[in-house]
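Me: I have a structure open on my screen and would like to understand the reasoning behind a few labels. Could you walk me through them?

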Amino acid sequence: MSPTKCTGDDCNKEAGALQCPTCLKIGIKDSYFCSQDCFKRNWPVHKLMHNAQSGENGQPGQNVTGFHNPFPAYAYTGSVRPVYPLSPRRPVPKSIPHPDWADNGIPKRERLLSRSKWDLLDSDAQEAMRKVCRLAREVLDITAAAIKPGVTTDYLDQVCHNACIERESYPSPLNYNHFPKSLCTSPNEVVCHGIPDQRVLLDGDIVNLDISLYHGGYHADLNETYYVGDKAKADPDSVRLIETTREALDMAIEIVKPGVPIREFGKIVEKHATSRGLVVIKTWGGHGINSEFHPPPWIPHYAKNKAVGTCKPGMTFTIEPILALGSNREVYWPDNWTNVTVDGKRTAQFEHTLLVTETGVEVLTARLENSPGGPIPIPQVTDGQEEKKA
């Protein structure tokens, strides 16, 4: 039998026999801690789980909300658990153009694409991409502004969905290969494609928001990883992870221009990750994006990849590296979407949609001056003392 990990959000030790007594009363399973000190230290954050499980007026022993872990027998690798039921699928008015998977979940046109043919956009298509990417940035910023301890990822999905509808846009993830929600929310050890549910974000979490829009016949795609509360910003490993990933994306974008081989981006990303003691998740990469959601080319984020082709004016694609604190191996939850690290250690990701111009690159989803989040200094250890690196 595999050892149980301590439930403490800041703890990587194996759990002992100590269980949270309130969790036992209200039916939350697997709430084990390594020690009484760890339990006390994590209590201010841990008790938020009780509120979500019991409801504001719930009595001990009653799961009045009906919230539950849908896969209780699954061997989770980290601290994150799904909290079901999922909310019903949110509707999109028929007046808003829908992609071809909206009804049956199958991206039919995308599946018929030649993987060796890359689209080069004319001036009208480029302008359409600028518009949808501008709208996507607005939606991401509105959704990110709602992040705080105590909100659920389902609430963030609601905020995102409503912001899309207000902009007469279809949220591209919705029903794409039957994905049930309007954005992906990936906290802590979730690598990507986390499904928004009733889980409460805790002070000390980190969470990635991956947002995509369909507007005017074109798609936009971007994501960022955010700190949840001050506790997350005070965790040196989380800061090192998030800021290094942010920097790696920026460094890869700096070399984008006509003639640059696609394979070069991964070399830059992995070199920077390694310099900070991090690893690249190799399974996932960037992709073309235009009137289709995921057309070619495929953009690897690791060194010594065999990607072919070079950047050409009119190309639009994403670069979206994912870095991890521990192993770069992943496993799926039984929902067949949520992808997590095998060791339960945290990951971070950042993504932009890019347009190759005649002389360089245009970041179509660039941050605005008032965009939530943004870089913070990385702690540096010198003679056993932490310093902040600007």
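Me: What makes Tyr-74, Tyr-76 and Trp-333 a cluster?

Reply: Ring pairs link Tyr-74, Tyr-76 and Trp-333. This is a predicted model, by the way.

Me: Why is the pair of Tyr-74 and Tyr-76 called edge-to-face?

Reply: Two values settle that. The ring centres of Tyr-74 and Tyr-76 are 4.9 Å apart, and rings count as a pair if their centres lie within 6.5 Å. Their planes stand at 80°, and planes over 60 degrees apart count as edge-to-face. The pair of Tyr-74 and Tyr-76 is therefore edge-to-face.

Me: Why is Tyr-74 called partly exposed, and why is Tyr-76 called buried?

Reply: Buried means under 20% relative accessible area, and partly exposed lies between that and over 50%. Tyr-76 has 12%, so Tyr-76 is buried. Tyr-74 has 23%, so Tyr-74 is partly exposed.

Me: How many aromatic pairs does a search of the whole structure find?

Reply: The search finds eight. One of these aromatic pairs is formed by Phe-71 and Tyr-84, 6.1 Å centre to centre with 70° between the planes. Since the limits are 6.5 Å for a pair and over 60 degrees for edge-to-face, Phe-71 and Tyr-84 are an edge-to-face pair too. Both Phe-71 and Tyr-84 lie in the loop between helix H2 (36–54) and helix H3 (108–111), so their pair ties together parts that are 13 residues apart in sequence. Phe-71 and Tyr-84 are both buried.

Me: On to the strands. What makes strand S11 (316–319) and strand S17 (361–363) edge strands?

Reply: The open sheet has three strands in the order S11-S16-S17, with antiparallel pairing. S11 and S17 each pair on one side only, and that makes them the edge strands.

Me: How do you know that S16 and S17 pair?

Reply: Two strands pair if there are at least two bridges between them. Strand S16 (residues 352–356) and S17 have three bridges, in the antiparallel sense. In this region, Leu-355 stands opposite Glu-362 in S17. Helix H7 (residues 236–254) lies across S11, S16 and S17, running at about 5° to S16.

Me: What is the span of helix H4 (residues 123–144) set against?

Reply: H4 has 22 residues, and 1.5 Å a residue gives an expected 32 Å. From first C-alpha to last, H4 reaches 31 Å, which is close to that value.

Me: And what makes the approach of Asp-122 to Asp-124 a polar contact?

Reply: A side-chain oxygen of Asp-122 reaches to within 3.2 Å of the backbone nitrogen of Asp-124, at the start of H4. The cut-off for a pair of N or O atoms is within 3.5 Å, so the label fits.

How values were computed: Residues numbered from 1 in each chain as written. Heavy atoms only, no water. Phe/Tyr/Trp six-rings, centres within 6.5 Å; stacked < 30°, edge-to-face > 60°. Helix = DSSP H or I, 4+ residues; strand = E, 2+ residues; numbered from the N terminus. Buried < 20%, exposed > 50% of the residue type's maximum accessible area, 1.4 Å probe, protein only. Contact = heavy atoms within 4.5 Å. Axes fitted to C-alpha atoms, helices over the stretch in contact; angles between N-to-C directions. Expected span 1.5 Å × (residues − 1). Polar contact = N/O pair within 3.5 Å; in protein donor to acceptor, adjacent residues only side chain to side chain.
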